[in-house]
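Here's a quick briefing to read alongside the sequence and the 3D view. Have both open as you go through the points.

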Amino acid sequence: MATLKRNESATFAAGQPPSCIAGFKHRLLPLMESDFEGSAKFSLACQCGADAFAILSHPLIAPDPSPYYLVEPGEVMFRPPHRLRCASCGVITPVFDAKTQGYDGVLNGGCSYESGDQGEQAAAGAFRITVWFFYNVGLDELEEYAAEASVSPSDLFDSFGLTGEPVGEGDPFEVNYECA
Ligand SMILES: [Zn+2]
């Protein structure tokens, strides 16, 4: 059986998670056989203790023909930034902004994804949320860049994903971003 061990950068992030999730209560999930060694995964809960959220995005229906890679005409793109609204107390907490977070967000003024700035909407349903951060760059290098940018090395993740498992009926929600 494979030894499940995080790489050095992901180990750091497991202990000192990215600032993206600072507004939440978070719990580190164990590394699974199917996970990359560079990943640190967390489940999120609201400060009130509840763990069901509405997922807020800036949806856009892709036009025909679709100018977006791997997005069919008529398909809904749940554009960032993403915020989560607690289904219990209603508090809204930011979770990911592609323009300012992750490796390119912090160091290069944003990654290549289109963000939305108006028309924020909740995806249908309530969800239990898991987020993952992926690190490919060595910790020494991350520490150097992080010091220059005055952030934590864990803020310089290469990719980010958010999955929502529906509470009750509904479809799962998933977004993934390459951030470097
Ligand atoms: Zn709450």
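Let's start with valine 167, which is partly exposed because 14 other C-beta atoms lie within 10 Å, above the 12 that would still count as exposed and below the 20 needed for buried. Bear in mind that this is a predicted model. Valine 167 sits in the loop between β8 and β9.

**Around the β8–β9 loop**
- Leaving out residues up to four places away in sequence, valine 167 touches Ala52, Ala126, Phe127 and Arg128.
- Glutamate 178 is 11 residues from valine 167 in sequence, yet their C-alpha atoms are 27 Å apart in space.
- The hairpin of β8 and β9 has 6 residues between its strands, and glycine 168 there takes a positive phi near 80°.

**Strand pairing**
- β8 and β9 pair antiparallel over 6 bridges, with phenylalanine 160 standing opposite tyrosine 177 in β9.
- On to β7 (residues 127–134): this strand runs antiparallel to β8 (residues 159–166), and 8 bridges join the two.
- One spot to click on is isoleucine 129, whose bridge partner in β8 is glycine 164.

**The nonpolar core**
- The largest nonpolar core has 38 residues, and those touching the most other members are Ile21, Phe53, Val95, Ile129, Val131, Phe133 and Phe157.
- β7 gives the most to this core, chipping in 6 residues.
- Isoleucine 21 touches His26, Phe42, Leu44, Val95 and Val131, not counting residues up to four places away in sequence.

**Helices**
- In α1 (residues 8–15), the buried residues include Ser9, Ala10 and Ala13.
- Those three are on the same side of α1, because they cover an arc of only 95° around the axis.
- As a reminder, residues three or four places apart in an α-helix point the same way, because there are 3.6 residues a turn.
- The cover over the buried residues of α1 includes β2 (39–45), β7 and α3.
- α3 itself (residues 139–149) is hardly covered, with a count of 1 buried residue among its 11.
- Right after α3 comes serine 150, with a positive phi near 55°.

**The end of the chain**
- Alanine 180 is in the segment after β9 (173–178).
- Alanine 180 counts as partly exposed because it has 18 C-beta neighbours inside 10 Å, short of the 20 that would make a residue buried.
- Skipping residues up to four places away in sequence, alanine 180 touches Gly102, Tyr103, Asp104 and Asp158.
- Measure across to glycine 168 and you'll get 35 Å from C-alpha to C-alpha, although alanine 180 and glycine 168 are 12 residues apart in sequence.

**The whole chain**
- The protein chain comes to 3 helices and 9 strands, running α-β-β-β-β-β-α-β-β-α-β-β from the N terminus on.
- With 180 residues, a compact globule would have a radius of gyration near 16 Å, so the 16 Å of the protein chain agrees with that.
- Along the principal axes, the C-alpha atoms fill a box of roughly 45 × 35 × 35 Å.
- Buried residues make up 32% of the 180 residues.
- Taking contacts between residues at least 6 apart in sequence, 63% join residues at least 24 apart.

Note on methods
Residues are numbered from 1 along each chain as its sequence is written. This is a predicted model: local features need pLDDT of at least 70, side-chain atom pairs count only at pLDDT 80 or more; totals for chains, interfaces and linings use all residues. Helices (H or I, at least four residues) and strands (E, at least two) are DSSP runs, numbered from the N terminus. Two residues are in contact if their C-beta atoms, placed from the backbone, lie within 7 Å. The radius of gyration is taken over C-alpha atoms; the globule rule is 2.2 Å times the number of residues to the power 0.38. Two strands pair if DSSP finds at least two bridges between them. A nonpolar core is a set of buried Ala, Val, Leu, Ile, Met, Phe, Trp, Tyr and Cys residues joined through C-beta atoms within 7 Å. The arc is that of the directions from the helix axis to the C-beta atoms.
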